[in-house]
Structures are given as C-alpha cells and as structure tokens.
Amino acid sequence: MTADAYYIDGVRLPIGRARDSGYYADTRADDMAVRAIRALLDRNGSVPRERIDDVVWAATAQVGDQGLTLGRSLAILAGLGRGVPGYALDRMCAGALTAIVNGANAIKVGAQDLVLAGGVEHMGHHPMAAEVDPNPRFLADGLVDASALVMGNTAENLHDNHPEVSRERCDEYALLSQERTAKAQADGVFASHVVPMTVFSDDGWRVVDVDEHPRPGTTLDDLAGLTSPFRPGGFVTAGNAAGLNDGAGGVLLASQAAVEEFGLSPRMKLVDYAFVGVEPETMGYGPIPATEKLLGRTGLALDDIDVIDMNEAFAVQCVAFLDHFGLPIDSDRVNPYGGAIAMGHPLAFSGARLAMQVATYLERNPDARLGLTTMCVGLGMGAAVLWERA
Ligand SMILES: CC(C)(COP(=O)(O)OP(=O)(O)OC[C@H]1O[C@@H](n2cnc3c(N)ncnc32)[C@H](O)[C@@H]1OP(=O)(O)O)[C@@H](O)C(=O)NCCC(=O)NCCS
C-alpha cells in the first residue's frame, strides 16, 4: 500500500542561451537554482522552510558551480535551515524527472512529506561532455559505437533507421515547436511557472523574464537553409535540434498529510513511471519503449492520455514517436505549448519544465485528467512519467 505524492507547484527561470552574450553567462548555476527554490517557497508561504524533508537536485555536470552535492548545498544557500538535507543526482537529460520520481517515491512509502525536486544545467559553464573522461573500453572493446557519445550523431543514426522521418517532416515539426512556443508565450501560459531573475552582464544589472532561445519569426525556408554540423549531408540542424542552454527550476511535492497541515492545493499526483535502456547509438528512440512500458504497467492506451509533454532533443525523435503511436505531426495532444527545439534544453533541468507544463495544461483544460512526460536520455535511455489531476 502506498500513499499519494502530490505535485503542488513548480517554478523555473527563463531559459538562457549558453553563450558569452547569454542571460546567465556571468551568473552561477547554483545561484540560479537558489532563485528558483526561493521563489517556489515564497509562493507557497504556508510551508515552513525547515519542514522540507529533502532537496533532490539534478545536474549532468556535477563539478564547479554545479558541484558540492547540489541538493544539500542549495538547502543551505537558499536558507532552508541546517536541518534540511539534500542530494545531487544525474540521469543526464532526465535528471530532474528522476529527481521528481525519487521525491515522489519517498512520499509514497511514507518516509517524507515535503520534497523539493528539480535540476539545473549551465551549459555555458559546463559544455556538453567537456568535463567527462569516458572509459576507453567503450570504444576499444566495441561496447558502443563512437556516434553514441555525440547526441547529434545519435539523431542522424535515428534518421538512418527511420527513413520515413524525412528532413522536411523534421523541419515542419521544428516550425510547429517555434509557433506553439510563441503562441503560449503570447497567451501567458508560462507566466504560471516562470519567475524573473536579476543577472549581471557586461551592460550592468538587468532583469531577465522571457526565454531567450525561441526564434518566433522562423520560416520553413529558414530551416531548410541550415546544414547539419554532425554529418556531411545530414538532416540534424541547429533549427530542428534542441539548443545549448542554461536553465534551472524545480517543483514542490507533498504528501496528503502535508497538504492538510499546510492548506496546500495539489494540482496533480504522480501515478507511475518507467525508465528503459535502448541502443546508445539511437538514444532518441527511448521515449517509445518507455511509454509502451508505462502504458503496459498501467493498462492504459495512449488515447487515454490527454496531454503529452515530450522533450524535443531532436525533431527526428519526436516525429518517430508520433509515427509509432499513429499521431499526426501537429497532434494537439503533444507539446501543445511547444518544446525544447524552440525553448532550449538545459539537460538535467528540462524534466522539471515538462512537469510544470503538464500541470499548467491540466489547470487550463478542466476536462483533461491524465498527462505524460517523456524524454530520451544520453547513452541510450527513455523516461516516461504518468500524472493525474489531483
Ligand atoms: C545543433 C547545434 C550544434 C547548433 O549549435 P549552435 O551553432 O551553437 O546553434 P545556434 O542556436 O547558435 O544556431 C546557429 C545558427 O543557426 C541559425 N539558426 C538556428 N536556429 C534557427 C532557426 N530556427 N531559424 C533560422 N536560423 C536558425 C542561426 O543563424 C544561428 O546563428 P545565430 O544564433 O548567431 O543567429 C547545437 O544546438 C546542438 O548540439 N544541439 C543538440 C544539443 C544536444 O545534443 N542536447 C542533448 C540532447 S540528448
């Protein structure tokens, strides 16, 4: 017998571009996470900070300003009190999603009542894979092909396996991501979970309050003109891939007892989840078997799910997913607010954004009941989490 674990609220910073002129070039990653945590707790002021049972925080690069056991260091830096523990975890792109699952599990077994779970990735300070030293046996012993270690190459490989997912369809999908993100921005969808941050730059202090990565004026011609940096004549471009970004945010999870004690309003509960391993050379396939596994566990069909928020690491992976489940490229149940192709993908943070967007969708669509968050993960994994309106 397990208890319910409720999603109460979520907060993220505007996503920045990981470049010298980007929002957060001169801002520490841990300070970004602290800003998100403080804003989240300010919004939920009935929860005493010292009553948080754990801070579970993900980062792919766990060094420098993302080192020092993030969850615990964030608890101290955010002023939660010395009695609040925390830990850091890494499942690459699914870091925050794993943090949320772990936090929910601690609540479900009755060990904890209030958990902060989220992620941060400052890809400007920690360029992808720059600080790792992959074991030489990966390649020397043929455990993986060299392409498995470069995510863009895995996306090109996915194109090889799915010739029906043409470059044109991927660009069409990428355009949709830009258009939907722009519409959601204009409709105030992100206002429910994006908080501004004051940052320092060469021009002095400024407040950033809108995602930096989207290119709302994008056209199909613009996208068609881009070439692949990953393979001569390849299909994966800066226009139909997620960007390189800086971002932070997290969610507040609570037990029924905490909901009652602090008068909280649960938005949804975490029903079940699945993680799977797939071929590392085509890691983008991961959301398909992860979703199949989750559907199998719960006895649901994909048609039962009202909204799917899928991380858009690469358009090819999203179109392959839609094809697999017989959905059109412009299915209004999948990424209704756009996704990482437009918004950007600060690796370990992104899963928290997906959860926030499902919560926002359920709030704005009273007839919707079930939501799914799904992601592909480096080295060949897939993640899927099922949510139900509380
Ligand atoms: C594809 C990739 C290498 C491109 O990197 P980049 O060159 O730094 O990308 P940018 O966003 O700066 O775009 C480069 C140029 O392409 C053009 N461009 C990109 N998107 C565009 C769009 N939607 N419309 C028109 N032009 C576009 C622009 O000219 C842009 O230059 P600018 O920003 O100076 O205007 C990088 O985004 C990448 O590696 N993405 C995948 C990340 C990843 O693997 N994540 C993990 C997934 S598992």
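Helices (H or I, at least four residues) and strands (E, at least two) are DSSP runs, numbered from the N terminus. With that in hand, Ser147 can be placed in the loop between α4 (137-140) and α5. This is a predicted model, in which local features need pLDDT of at least 70 and side-chain atom pairs count only at pLDDT 80 or more, while totals for chains, interfaces and linings use all residues. Residues are numbered from 1 along each chain as its sequence is written, and side-chain values use heavy atoms, with hydrogens and water left out.

**Ser147 and helix α5**

Let us stay with Ser147 for a moment. Is Ser147 buried or exposed? Ser147 counts as buried because its relative accessibility is 12%, and buried means under 20% relative accessible area, with exposed over 50% and partly exposed in between (1.4 Å probe, protein chains only). Its side chain is joined to that of Asp145 by a polar contact of 2.6 Å. A polar contact here is a pair of N or O atoms within 3.5 Å; within protein, one must be able to donate a hydrogen and the other to accept it, and residues adjacent in sequence count only if both atoms are side-chain atoms. Leaving out residues up to four places away in sequence, Ser147 touches Asn153, Thr154, Asn157 and Glu281, where contact means heavy atoms within 4.5 Å.

Asn153, Thr154 and Asn157 are among the buried residues of α5. Helix α5 (residues 151-161) is mostly covered, with 9 of its 11 residues buried. What lies over these buried residues includes α6 (167-186) and α10 (315-324).

**Around the ligand**

The ligand is surrounded by 24 residues, and the closest are Arg19, Met151, Arg215, Thr218 and Ala242; a residue is near a molecule if one of its heavy atoms lies within 4 Å of it. Met151 is also one of the buried residues in α5. Three polar distances to the ligand are set out here.

| Residue | Protein atom | Ligand atom | Distance |
|---|---|---|---|
| Arg19 | N or O atom in the side chain | oxygen | 2.8 Å |
| Arg215 | polar side-chain atom | oxygen | 2.6 Å |
| Ala242 | polar backbone atom | nitrogen | 2.8 Å |

Taken alone, the ligand exposes 970 Å², and the protein buries 72% of that. These areas come from the Shrake-Rupley method with a 1.4 Å probe; for residues, only the protein chains shown count as cover. Sorted by class, the shell has 14 nonpolar, 6 polar and 4 charged residues. In this scheme Ala, Val, Leu, Ile, Met, Phe, Trp, Tyr, Cys and Pro count as nonpolar, Asp, Glu, Lys and Arg as charged, and the others, Gly among them, as polar.

**Nonpolar cores**

A nonpolar core is a set of buried Ala, Val, Leu, Ile, Met, Phe, Trp, Tyr and Cys residues joined through side-chain atoms within 4.5 Å. Which members of the largest core touch the most others? They are Tyr7, Ile100, Leu253 and Trp387, out of 47 residues. Elements that give two or more residues to this core include α3 (95-108), β5 (114-122), β8 (245-254) and β12 (381-389). Helix α12 gives the most, with 8 residues. Beyond four places in sequence, the contacts of Trp387 include Tyr7, Ile100, Leu270, Val271, Ala355 and Val358. Apart from this core lies another, of 42 residues, among them Leu158, Leu294, Ile308 and Cys318.

**Two arginines**

Arg333 is found in the loop between α10 and α11 (340-343). Arg333 counts as buried because its relative accessible area is 17%. Its side chain reaches the backbone oxygen of Leu302 at 3.0 Å and makes a polar contact of 3.2 Å with the side chain of Asp303. Beyond four places in sequence, Arg333 also touches Ile308, which is a member of the 42-residue core.

Arg364 has its place in helix α12. With a relative accessible area of 41%, Arg364 is partly exposed. Outside its neighbours within four places in sequence, Arg364 is in contact with Asp187, Gly188, Val189 and Tyr337. The C-alpha atoms of Arg364 and Val189 are separated by 8.8 Å, although their positions lie 175 residues apart along the chain.

**Positive phi values**

Most residues other than glycine have a negative phi. Thr69, in the loop between β3 and α2 (70-77), has a positive phi near 45°. Leu379, in the loop between β11 and β12, has a positive phi of about 65°.
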